[in-house]
Amino acid sequence: MSQSIVRMIGLSVALGMLISLGFGCTTEQGSTMHLKRMADSLYAVMAADRKIYSKLVVNRLVNEEAVIKASEHWRDDRALPLPAQMFRMAAEEAMDSGANFAYSLLSLWPINPQNKPRTDMEKTGLKYLMDNPGKNYYGEESLGGRRYFTALYPDVAVADACVDCHNDHKDSPKSDFEIGDTMGGVIIRIPM
Amino acid sequence: MASRRAWIIWCSFALAGSGYLGSTLLGQDKTVYVPGTTSDGHYQIELRCDTCHAYAFGGGPVLQKRCLTCHGEELQRIQDSHPRRVFIDPRNADRIADVDASQCISCHKEHRPEMDRGMGVTLPVDFCFYCHEDIAEDRLSHRDVPFDTCADAGCHNFHDNSGLYEAFLVKNAEAPDTLDIAKVPKRNAAEVRRMVNKRPLRRLTRDDHDAPRYLDVEEQIILDWEETAHAKSEVNCMDCHQVAGITNEWRDNPEFKACNTCHKMEVSGYIQGKHGMRLALELSPMTPAQARLPMKKKNRDNAMGCTSCHRSHRFDTVDAAVKACLKCHDDQHSKAYKASLHFDLWRKENEGEGETGRGVSCATCHLPREVRRHRGKDIVRVQHNQNGNLRPNETMIRDVCLRCHGLSFSLDALADESLIRNNFKGGPARHVKSIDWAVARAKNAQRDKERQRVK
């Protein structure tokens with residue numbers, strides 16, 4: 001009798017562990033999927049804003065209407081900020097206002113060396129984007145004692161302005177970008 | 001018996017000590033609680049501990065919030081080149097583990113005079129290293145430059161890099177020592193008042209003054225007022241002496257809050273600056289006796305307020321720009337001013353010999369005119385907060401020196417301490433290499449780009 005009770009308890013514990021393990025995996029997968037969807041959605045908003053600013057503000061006013069210039073030193077030149085600067089300023093503003101995620105633009109050939117990949121995930125992710133055009137890269141990393149779900153999206157040269165500026169800029173380490181090239185990547189980090 | 005006596009003595013001292021500390025904590029003079037010499041920027045208000053230490057046990061975040069309450073607006077104005085938001089990106093987590101640059105007090109530790117590098121605030125010496133350790137790989141000119149010299153005059157400024165960034169150095173490399181069109185912009189407060197006013201402003205005369213007749217106002221006061229921009233812009237006696245919302249009855253000596261009704265930008269700067277910061281915290285006005293710079297003894301007890309420099313009723317801006325300063329300031333730089341070329345230009349302008357806007361007063365440099373754009377128009381006002389134009393002195397480049405001088409000359413002059421002491425009598429004996437390096441790097445980069453294109 002006591003032996004069967006022990007067996008039953010043992011079986012129940014084993015079953016419980018299996019169920020919880022399975023449930024845990026599903027929860028973890030679900031959580032990662034949720035974070036991936038969240039990162040994709042955030043990226044969609046960022047990409048849309050950037051496209052609209054580039055097309056309807058910068059390209060229209062600078063190239064079509066020719067009423068104002070766009071300049072890296074936009075305050076001093078009383079000009080429009082470049083699309084990449086607009087993107088970066090918005091990223092900093094979002095972080096400063098307490099957004100629970102972080103994003104930035106990185107490149108293997110950045111004009112500002114501070115935008116080179118620094119973490120292992122940034123290095124691996126950017127290389128993956130270069131080797132696999134059109135694909136995104138997802139992973140997890142620990143920074144400053146905190147775990148992050150990290151996603152990288154290719155930043156593709158879509159207009160002559162992107163290519164010309166990066167090819168001609170004195171601080172750009174590369175001068176043979178062409179339209180359609182992956183110039184870098186957008187990285188989004190969401191705390192897990 | 002001896003033990004009992006010892007206990008009684010100990011308790012008596014403890015009670016007396018507690019009583020003394022408790023009463024000082026509740027009183028005005030809290031000097032006993034100041035843990036060390038306070039920096040030049042804060043000592044005027046050190047007895048209002050709660051200005052920074054909002055709560056008795058408030059830690060870093062509380063202090064940070066308090067720093068930004070007073071300095072946040074100025075950091076925005078100068079377009080802080082290392083804002084907090086850059087450092088809170090998780091990719092910089094390892095960097096802020098060494099020096100948490102997202103918090104002001106990581107670098108600017110108060111009550112630690114041994115860390116003051118002559119800038120009025122405490123500063124670590126080589127903090128740039130943590131993020132820019134490989135700078136020499138990108139800029140060969142920096143190969144043998146030690147990290148404790150990054151912030152030397154004319155090189156870099158952590159917060160205000162607006163007059164020192166590389167493209168700016170290159171763009172201004174060829175400017176002459178003194179510009180052909182050297183002059184300061186003309187103030188246009190009255191013009192702006194006319195512009196925003198819904199009806200045309202009437203010029204008031206002595207017969208229009210609205211001071212209560214029972215006061216028997218001296219005639220000279222009325223005559224002085226009649227000549228001012230106030231009378232010309234329809235500002236009458238009651239507009240200053242009995243301001244709705246500030247005082248409902250006549251005040252002979254209206255305080256800065258009355259001036260603030262029309263001169264918001266000027267008053268806002270004044271109460272953030274060294275002259276007026278005590279007023280902002282409802283402390284007694286600053287006096288020259290409290291200053292750390294040498295001041296003239298006879299005026300040591302003059303209370304600072306708007307009218308201590310602008311003299312009530314006359315509001316003579318020419319007087320306020322030089323005479324008012326030299327009435328108190330007695331350091332070598334101030335004493336040398338009247339022998340300088342700057343003063344000569346100022347004298348000529350005010351005696352009608354020189355062109356308007358070419359004279360250089362104390363205020364031209366230390367309370368400079370700021371140009372802000374509003375609806376496509378330039379609004380020129382005097383910045384009364386001298387902190388943004390004092391130390392480190394390269395913060396003066398954009399709004400002050402470059403109005404009249406070329407960038408290279410300005411950098412050299414600001415790096416020459418003996419030239420500053422004698423109030424710029426003569427030329428700079430030092431040369432800052434920033435522009436040379438920036439121009440050489442730009443030329444090399446251009447050459448490399450052309451080579452890359454040929455390939």
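Colleague: What share of the 455 residues in chain B is buried, and what makes a residue count as buried?

Modeller: In chain B, 23% of the residues are buried. A residue earns that word if 20 or more other C-beta atoms, placed from the backbone, lie within 10 Å of its own; with 12 or fewer it is exposed, and in between it is partly exposed. For chain A, with its 192 residues, the buried share is 22%. Please keep in mind that this is a predicted model: local features need pLDDT of at least 70, side-chain atom pairs count only at pLDDT 80 or more, and totals for chains, interfaces and linings use all residues. Residues are numbered from 1 along each chain as its sequence is written, while chains are lettered from A and ligands numbered from 1 in the order in which they are written.

Colleague: Why is α21 of chain B called largely enclosed?

Modeller: Eight of the nine residues in this helix (residues 407–415) reach the buried cut-off, so the rest of the structure largely encloses it. Among the buried ones are B:L407, B:S408, B:D412 and B:A415. They pack against α7 (166–171), α22 (417–421) and α23 of chain B.

Colleague: What makes something a helix or a strand here, and how many of each does each chain have?

Modeller: Both are DSSP runs numbered from the N terminus: H or I over at least four residues for a helix, E over at least two for a strand. By that count chain B has 23 helices and two strands, and chain A has four helices and four strands. In chain A the order from the N terminus is α-α-β-α-β-β-α-β.

Colleague: How do you know what span α2 of chain A should have?

Modeller: The expected span is 1.5 Å times one less than the number of residues. For the 14 residues of α2(A) (residues 83–96) that comes to 20 Å, and the end C-alpha atoms are 20 Å apart, which agrees.

Colleague: And what makes you say where the buried residues of α2(A) lie?

Modeller: The buried ones are A:P83, A:A84, A:F87, A:A91 and A:M95. Looking down the axis, they fall within an arc of 110° (taken over the directions from the helix axis to the C-beta atoms), so they line one face of the helix. On the face turned away from that buried side sit the exposed residues A:M89 and A:E93. After the helix comes A:G98, with a positive phi near 95°.

Colleague: What makes a set of residues a nonpolar core, and which residues of the largest one touch the most other members?

Modeller: A core is a set of buried Ala, Val, Leu, Ile, Met, Phe, Trp, Tyr and Cys residues joined through C-beta atoms within 7 Å. The largest has 21 residues, of which A:Y103, A:L152, A:V186, A:I187 and A:I188 touch the most other members. Elements giving it two or more residues include α1 (2–64), α2 and β1 (102–106) of chain A. β3(A) gives the most, with five residues. Apart from this core lies another, of 17 residues, including B:C309 and B:W346.

Colleague: How many residues of chain B are in contact with chain A, and what counts as a contact?

Modeller: Two residues are in contact if their C-beta atoms, placed from the backbone, lie within 7 Å. By that test 18 residues of chain B are in contact with 19 of chain A. On the chain B side, α23(B) supplies the largest share, six residues. That side divides into eight nonpolar, three polar and seven charged residues; Ala, Val, Leu, Ile, Met, Phe, Trp, Tyr, Cys and Pro count as nonpolar, Asp, Glu, Lys and Arg as charged, and the others, Gly among them, as polar.

Colleague: Why is B:H111 worth a look, and what class of exposure does it have?

Modeller: Its phi is near 65°, a positive value in a residue other than glycine. Most residues other than glycine have a negative phi, and most peptide bonds are trans. With 14 C-beta neighbours inside 10 Å, B:H111 falls between the two cut-offs and therefore counts as partly exposed. B:E234 also has a positive phi, about 65°, although it is not a glycine. With 17 C-beta neighbours inside 10 Å, B:E234 counts as partly exposed.

Colleague: Which is the peptide bond from B:R391 to B:P392, cis or trans?

Modeller: That bond is cis, with omega near -15°. B:P392 is found in the loop between β2 (377–382) and α21 of chain B.
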